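Notebook open, coffee on the bench. I want to go through this one piece by piece and jot down what I look up.

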Amino acid sequence: MSQIEEVSVAKFKHLVSERALTGETMLLNMGPQHPSTHGVLRLLLELDGEIIVSCIPDVGFLHTGIEKNMEAKTYQKAEVMTDRLDYMNPLGNNLAYVMAVEKLVDLDVPARAQDLRVILTELQRISSHLVWLGTSGLDLGAMSMFLYCFRERELILDIFELVSGQRMMTTYFRPGGVWRDVPVEFEKAVRDFVKVFSKRVDEYETLLTKNPLFLDRTMTLGRLDAALALSFGVTGPPLRASGVEWDLRKTRPYMGYEQYDFNVPTRKEGDVYARYLVRVQEMRESLKIVEQALNKLPLGPVRSDNRKFVPPPRSEIGVSMEALIHHFKLWTEGFPAPKASVYSAVESPRGELGVFLEGDGGPKPLRVHMRTPSFDNLAVLSQIVKGCLVADLVAILSSIDIVLGDIDR
Amino acid sequence: MDKKLEPIVKAVQDKFGSTVEEFRNEVHMLVKPEQIMAVLTLLHDEQHFELLSTMTAVDYYPQSAPRFHVIYQLTSLAKNLSLQVRVPVSGDIPKLPTASGVYNAANWRERELLDMFGIEFEGHPDPRRILLPEDTVGHPLRRDYPLGYEEPQFTFNFEEVDLGKPYAKE
Amino acid sequence: MGVEQKLGNMGVVTTTLENTVNWARANAMWPMLFGLACCAIEMMSAQASHYDMSRFGMELMRASPRQSDLMIVAGRVSKKMGPVLRRLYDQMPEPKWVIAMGDCASCGGVFNNYAIYQGVDEVVPVDVYVAGCPPRPEALIHGVMTIHNMVKGESFKQYAEKYK
């Protein structure tokens with residue numbers, strides 16, 4: 001492995017102010033291992049006392065080579081890698097990839113599968129926002145938020161385990177639908193959760209929303225203006241907290257989102273407090289969607305029956321020759337995709353999660369590019385922390401809600 | 001094609017002579033490398049495509065002319081439209097003008113393309129590698145770069161793989 | 001490392017002292033905060049109230065390597081992060097132990113490619129490997145209990161050999 005190299009300020013001459021070169025300001029390394037950086041992010045801070053003059057993010061400490069690895073696997077097997085990109089939202093990543101594959105090969109999804117996908121994606125959104133709230137509170141010193149949020153998250157992870165056998169990296173959505181039907185206890189578990197959770201969100205709000213310490217630390221901090229946000233490619237709650245009402249579930253509905261009645265919370269101030277309010281309100285809206293989707297859950301198949309892309313059930317293989325041949329072809333070779341490219345995007349808890357998929361006529365993708373929201377959301381950090389204290393940097397960074405697996409892929 | 005997108009595509013086609021393809025309700029435009037800055041400026045300033053959703057590249061090795069396609073995915077929030085602009089480039093170190101003057105989001109995306117594909121962007125304010133260590137040689141997402149696969153260790157080749165692994169000393 | 005260096009290998013004379021020292025080390029082992037990726041979330045879950053790790057003495061996680069004795073490498077280690085990991089391991093004072101949590105830290109996991117170390121034992125010596133992707137909090141607690149049993153069975157002879 002390479003050794004750690006020593007560099008001088010001259011290397012970053014174009015990124016820091018001239019005062020750093022004379023030694024008037026100090027360069028501080030907020031290193032990859034740090035309790036408040038939400039993962040392995042390295043920030044080079046140029047400090048004048050305690051005030052930040054410029055901030056240079058250095059990413060790549062979690063680079064996994066997922067895009068190249070997916071080119072070496074067939075379309076079905078590559079889905080396993082998508083779980084581990086944005087690890088707070090594995091079902092959302094699965095959804096984005098599976099929708100891209102279905103668009104590329106023109107595969108239909110039955111209604112029950114669409115409904116189940118919506119329920120589980122919204123539950124995943126709630127669990128991701130819970131982790132954000134917990135770690136954000138922990139960064140600002142409110143440690144009890146962390147314990148409360150993780151208590152609720154356990155309920156959601158129990159539902160995922162009921163449905164797929166795994167708490168986090170489920171790979172439950174497959175091209176054509178979902179892996180298999182949900183057990184009978186699913187409906188009761190989700191209804192119990194919905195009943196309990198709306199009161200819990202009110203509990204969290206009583207802890208933080210009108211708390212004078214929290215208001216003091218977060219109001220008017222890290223202001224992000226809408227034009228700057230759009231120019232940097234920021235999407236998701238930071239964009240909505242700056243006044244732009246853009247949510248892919250409303251503007252480009254997919255998976256039947258047009259049937260549900262929900263609002264998109266938007267605020268105008270663009271500071272840390274606005275982002276907090278937007279995300280807490282989003283948790284409530286997601287709960288509404290879960291309840292509506294559960295009430296209208298139709299009966300029917302959960303996976304498409306186009307046997308060229310979807311494997312047949314085990315019971316059929318013993319009696320039908322075609323089923324055996326389809327099973328054989330899908331397992332040894334995989335299904336071929338046309339020589340074209342698609343771009344398909346969903347709304348993840350962090351912003352627009354897009355998948356650019358190009359096929360070359362064979363069973364393995366030619367190129368898979370994941371457009372991850374945290375990559376663009378982090379690029380705007382260096383613009384909004386100028387003039388803040390180091391403690392404020394921690395608050396602003398946690399309000400943008402980045403996940404390093406998303407950035408480094 | 002969306003009704004609102006047709007006049008925009010026609011305007012770009014007439015002015016720059018680009019080819020247009022449609023696939024599954026998406027519009028892909030092929031533009032020559034010399035014209036890309038003019039096309040992006042037109043789409044950003046006049047046609048209100050404010051958001052650069054993503055910028056990526058595809059490597060068509062062993063085909064060498066063109067070897068890469070650089071892809072700009074543009075989104076218009078005001079009109080709710082999407083457009084994909086493709087630029088074919090060739091050569092071992094292809095060069096393109098930087099789009100970070102028009103879209104700030106292109107800044108980090110171009111650094112990523114330099115890192116992963118070796119495509120250089122002239123006029124970029126900060127041309128450094130972003131995801132890989134600074135002393136890496138080569139560009140991993142090119143198709144002639146090996147995957148770096150390690151042989152799985154089963155019982156029949158247990159000792160061979162064990163001897164080859166660089167275990168850490170104390 | 002005061003006690004071992006001064007007393008060395010004295011056989012049966014120091015057994016009660018060994019038991020006391022091991023008991024103290026095992027019951028108040030503080031882990032260093034080294035969560036890298038998805039396994040870090042399960043580690044945080046294990047630390048939270050449902051699967052409480054404070055019952056096992058790991059009341060808090062220290063961010064500073066100088067004040068911790070257990071490093072739980074939770075997540076995938078990329079080639080850029082390797083030197084950082086080694087440096088942090090070198091900064092921890094003896095006695096120290098390492099748990100490789102998850103498949104990526106044990107053997108490279110799902111990612112068999114150019115960017116990830118195929119097992120964190122290519123960078124630091126590992127004592128306990130916990131399998132799973134990500135391992136359930138109960139699995140991590142089982143790994144921690146295994147380390148505790150290992151520590152309770154240690155003797156001064158092992159350390160004396162190392163520092164002769």
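My entries follow, grouped by topic.

**Entry 1: what I am looking at**

I note first that this is a predicted model. I start with the contacts between chains, then go to single helices, then to the cysteines.

**Entry 2: chain B against chain A**

How many residues does each chain put into the contact? I find 47 residues from chain B and 50 residues from chain A. Together chain B and chain A bury about 4000 Å², and 57% of that is on carbon and sulfur atoms. I also looked up which residues of chain B supply the most: B:Arg24, B:Trp108 and B:Leu131 give 17% of the area that chain B buries against chain A, more than any other three residues.

Next I went for charges. There are 5 salt bridges between chain B and chain A. One that I wrote down is B:Arg109 with A:Asp376, where the closest N and O atoms are 2.9 Å apart. I also get 26 residue pairs in polar contact across this interface, counting pairs with both residues at pLDDT 80 or more.

Which elements of chain B make up its side of the contact? β2 (26-30), β3 (51-59), β4 (68-76), β5 (81-89) and α3 (106-116) of chain B each supply at least two residues. β3(B) gives the most, with 8 residues. Sorted by class, the chain B side that touches chain A has 23 nonpolar, 11 polar and 13 charged residues.

**Entry 3: helix α3 of chain B**

I came back to α3(B) for a closer look. Is this helix mostly covered or mostly open? It is mostly covered, with 11 of its 11 residues buried. Among the buried ones I see charged residues such as B:Arg109, B:Glu110, B:Arg111, B:Glu112 and B:Asp115. B:Trp108, B:Leu113, B:Leu114 and B:Met116 are also on the buried list.

I then asked what does the covering. From chain A, the cover includes β3 (51-58), β8 (367-371) and α15 (373-379). From chain B, it includes β3, β4 and β7 (120-122). Just after the helix, B:Gly118 takes a positive phi of about 85°.

**Entry 4: chain C against chain B**

Same routine for the other pair. Here the contact takes 13 residues from chain C and 17 residues from chain B. The two chains bury about 1300 Å² between them, 51% of it on carbon and sulfur atoms. I find 1 salt bridge across this interface, and 4 residue pairs in polar contact with both residues at pLDDT 80 or more. The side of chain C that touches chain B has 5 nonpolar, 3 polar and 5 charged residues.

Which side chains form that salt bridge? They are C:Glu122 and B:Lys165, at 3.4 Å from N to O. I followed B:Lys165 a bit further. B:Lys165 lies in the segment after α4 (158-164) of chain B. Leaving aside neighbours within four places in sequence, B:Lys165 contacts B:Glu150, C:Gln118, C:Asp121 and C:Glu122. B:Lys165 counts as buried because its relative accessibility is 14%, under the 20% cut-off.

**Entry 5: chain C on its own**

I counted the elements: chain C has 7 helices and 4 strands. In sequence order the pattern reads α-α-β-α-β-α-β-α-β-α-α. Of the 164 residues in chain C, 57% are buried. For contacts between residues at least 6 apart in sequence, 77% join residues at least 24 apart.

**Entry 6: helix α17 of chain A**

I checked α17 (residues 390-400) of chain A, and 10 of its 11 residues are buried. The buried set includes A:Val390, A:Asp392, A:Leu393 and A:Ile400. After the helix comes A:Asp401, with a positive phi near 60°.

**Entry 7: cysteines**

How many disulfides does the structure hold? I get 0 over all chains. I wanted to know why, so I checked two cysteines against the 2.5 Å cut-off. The sulfur of A:Cys55 has its closest cysteine sulfur in A:Cys388, 10 Å away, so that pair is too far for a bond. A:Cys55 is buried, at 5% relative accessible area. For C:Cys107 the closest cysteine sulfur is in C:Cys104, at 7.7 Å, again too far for a bond. C:Cys107 is partly exposed, at 44%.

Methods: Residues numbered from 1 in each chain as written. Chains lettered and ligands numbered in written order. Predicted model: local features only at pLDDT ≥ 70, side-chain atom pairs only at ≥ 80, totals over all residues. Heavy atoms only, no water. Buried < 20%, exposed > 50% of the residue type's maximum accessible area, 1.4 Å probe, protein only. Contact = heavy atoms within 4.5 Å. Buried area = accessible area lost by both parts, 1.4 Å probe. Salt bridge = Lys/Arg side-chain N within 4 Å of Asp/Glu carboxyl O. Polar contact = N/O pair within 3.5 Å; in protein donor to acceptor, adjacent residues only side chain to side chain.
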